[in-house]
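User: Before we go into detail, could you state how accessibility is classed and then take my questions one at a time?

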Amino acid sequence: MGGIIAGIDVIARELSLFAAAELLIGGLDDLLVDLLYLICRFRRGRTRPLTVAALPAPRQGGRMVVFIPAWDESAVIAAMLTTALQRIAHGDYRLYVGLYPNDPATIAAAARVAERDDRIRLVIGSRDGPTTKADCLNTLWHALARDCAAEGFAVKAIVLHDAEDVVHPAELAVFDSLIEGRAVVQIPVLPLVVPGSRLVSGHYADEFAESHHKQLVVRTWIGAGMPLAGTGCAIAPAMLAAIAAARGGDPFDATSLTEDYELGLRIAELGGEGLFARIADGTRGGVVAVRAFFPADLVSAIRQKARWMTGIALIGWDRTGWARPMALGDHWWRLRDRRGPLAMLVLAAAYLGLFAEAGAILARWVVDAPLAPLPPALWWLFAINALLLWWRLVVRMVFTGRVYGWREALWSLPRFVIGNFVALAAAPRALIRYIFVLRGRPAVWDKTAHHFPDLSLQP
């Protein structure tokens with residue numbers, strides 16, 4: 001029995017040492033981001049945030065065009081289009097909806113709205129779906145080029161949206177003002193908490209509150225390339241045309257699972273200026289942002305996180321590389337983007353170490369043997385990591401509270417555990433998908449079912 005207990009002790013200590021050392025590195029990395037954010041805020045001073053009313057008037061004309069790729073979206077597309085038409089406050093825009101010939105339900109739902117308003121343009125591609133979101137966006141790009149040639153209108157910006165998005169009324173006015181002289185403008189994405197799924201859907205709210213109110217601020221401040229969120233972003237047509245010319249005619253890479261992430265980095269590599277715009281909308285604490293429901297059940301959340309991990313951390317590493325020469329800040333942030341699989345390995349080692357330690361304690365209790373002393377170095381690692389974890393939870397609560405209020409800030413504590421579980425479960429699926437891609441399987445649109453919110457119930 002003594003040999004078994006000693007073996008369990010060794011396993012527990014080795015796993016704990018590995019996990020503690022790696023968690024320390026990751027915790028210090030996150031702490032550096034927090035410190036840079038505080039420095040950025042301090043340097044900006046106590047200036048009041050820019051509001052919609054204070055935006056400079058656009059100096060250039062041109063139509064605002066919104067691309068909405070849609071595959072199997074019959075449940076939400078009509079509500080999304082109707083709501084967008086009712087809410088958007090802009091005098092010259094058109095919504096381009098990308099559809100597939102083998103998706104008659106979505107075509108019919110979109111057509112019911114389009115027949116009442118000529119600002120909606122339905123574009124049915126030549127290939128059956130699902131292909132990829134990027135392939136659908138390319139279809140819309142070519143349809144827009146044909147329309148511009150036939151009708152003779154100029155396009156000022158191309159805005160990307162998903163079929164489940166709630167569009168902010170002032171969004172196009174913000175893009176119209178800020179896109180001038182820039183290649184791309186991104187506004188925040190704020191997930192809505194699904195009723196009855198406060199833990200699963202709510203963990204997206206926590207992550208985006210921190211990502212789009214801290215991490216993107218730091219990322220752009222240090223000069224690193226700004227990845228796009230795939231929605232709520234406006235791109236200058238000239239930049240898309242330049243990328244299309246270099247790519248053989250298509251601005252979006254149809255073989256990519258995360259074309260938004262790669263497009264943002266590509267724009268930065270070409271020298272295009274990007275702006276992350278957090279604009280107050282005049283309501284109490286409100287900002288111009290995209291709101292939408294994210295997956296509300298564990299299976300759907302795991303699928304979505306696996307797609308993100310596959311496209312950014314695994315395939316994205318192969319596809320985007322490091323693009324030398326680049327600034328040190330860009331290298332650092334791309335490394336952060338790609339640490340997901342390693343972070344999940346470390347997290348798995350930490351949980352296994354805890355279980356092994358609990359097993360060793362139980363075994364010693366059964367045979368009435370004394371507990372093995374904890375090595376001082378491991379004790380100090382545990383203590384420092386505990387402080388870093390406490391800081392991380394406080395920061396998460398602060399940013400969630402700023403966006404969603406103090407009740408959701410408290411809920412962010414248990415949701416931190418849910419987020420870790422989702423990421424752990426997504427890692428094996430991401431690795432399997434990556435292996436399939438390496439073996440030649442084509443990328444396809446691995447989307448989740450969407451729901452459009454009842455806006456009368458939203459705050």
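Analyst: Buried stands for a relative accessible area under 20%, exposed for over 50%, and partly exposed for what lies in between, with a 1.4 Å probe and protein chains only. This is a predicted model, in which local features need pLDDT of at least 70 and side-chain atom pairs count only at pLDDT 80 or more, whereas totals for chains, interfaces and linings use all residues. Residues are numbered from 1 along each chain as its sequence is written, and side-chain values use heavy atoms, with hydrogens and water left out.

User: In which class of accessibility does D72 fall?

Analyst: D72 belongs to the loop between β1 (63–69) and α2 (77–87), where strands (E, at least two residues) and helices (H or I, at least four) are DSSP runs numbered from the N terminus. Its phi is near 55 degrees, a positive value in a residue other than glycine. Because the relative accessibility of D72 is 47%, the residue counts as partly exposed.

User: What is the form of the peptide bond from G129 to P130?

Analyst: P130 is placed in the loop between β3 (120–124) and α4 (133–151). For the bond that leads from G129 to P130, omega is near 0 degrees, and the form is therefore cis.

User: What percentage of the contacts with a separation of 6 or more comes from residues 24 or more positions apart?

Analyst: The protein has 13 helices and nine strands, and buried residues make up 51% of its 459 residues. With contact taken as heavy atoms within 4.5 Å, the share of residue pairs 24 or more positions apart, among contacts with a separation of 6 or more, is 83%.

User: Which helix gives the most residues to the largest nonpolar core?

Analyst: A nonpolar core is a set of buried Ala, Val, Leu, Ile, Met, Phe, Trp, Tyr and Cys residues joined through side-chain atoms within 4.5 Å. The largest holds 63 residues, of which I68, I77, L81, L95, I120, L172 and F175 touch the most other members. Apart from this core lies another, of 40 residues, including C40, V65, V218 and W332. The helix that gives the most to the largest core, with seven residues, spans residues 298–320 and is α9.

User: Which residues does L172 contact, leaving aside neighbours within four places in sequence?

Analyst: L172 is one of the residues that touch the most other members of the largest nonpolar core. Once sequence neighbours within four places are left aside, the contacts of L172 are M64, V66, I88, H90, Y93 and V159.

User: Which residue of β9 is the bridge partner of L190?

Analyst: Two strands pair if DSSP finds at least two bridges between them, and β6 and β9 do so in the parallel sense over four bridges. In β6 (residues 189–192), V189 and P191 point one way while L190 and L192 point the other way, and all are buried. On the β9 side, the bridge partner of L190 is R291.

User: How far apart in space are A292 and E164, C-alpha to C-alpha?

Analyst: A292 lies in strand β9 (residues 290–293) and is buried, with a relative accessible area of 3%. Not counting residues up to four places away in sequence, A292 touches E164, D165, L190, P191 and L192. Although A292 and E164 are 128 residues apart in sequence, their C-alpha to C-alpha distance is 6.2 Å.

User: Why is helix α10 largely enclosed by the rest of the structure, and how many of its 10 residues are buried?

Analyst: The buried residues of α10 are G329, D330, H331, W332, W333, R334, R336 and D337. Helix α10 (residues 328–337) is largely enclosed because the buried residues among its 10 number eight.

User: At what distance from the ring centre of W333 does R336 lie?

Analyst: A charge sits over a ring if NZ of Lys or CZ of Arg is within 6 Å of the ring centre and within 35 degrees of the ring normal. K305 lies over the face of Y204, at 5.1 Å from the ring centre, while for R336 over the face of W333 the distance is 4.9 Å.

User: What kind of aromatic pair do W379 and W380 form?

Analyst: Rings of Phe, Tyr and Trp (its six-membered ring) pair if their centres lie within 6.5 Å, with planes under 30 degrees apart counted as stacked, over 60 as edge-to-face and the rest as tilted. The structure holds nine aromatic pairs; for W379 and W380, the centres are 5.3 Å apart and the planes meet at 85 degrees, and the pair is edge-to-face.
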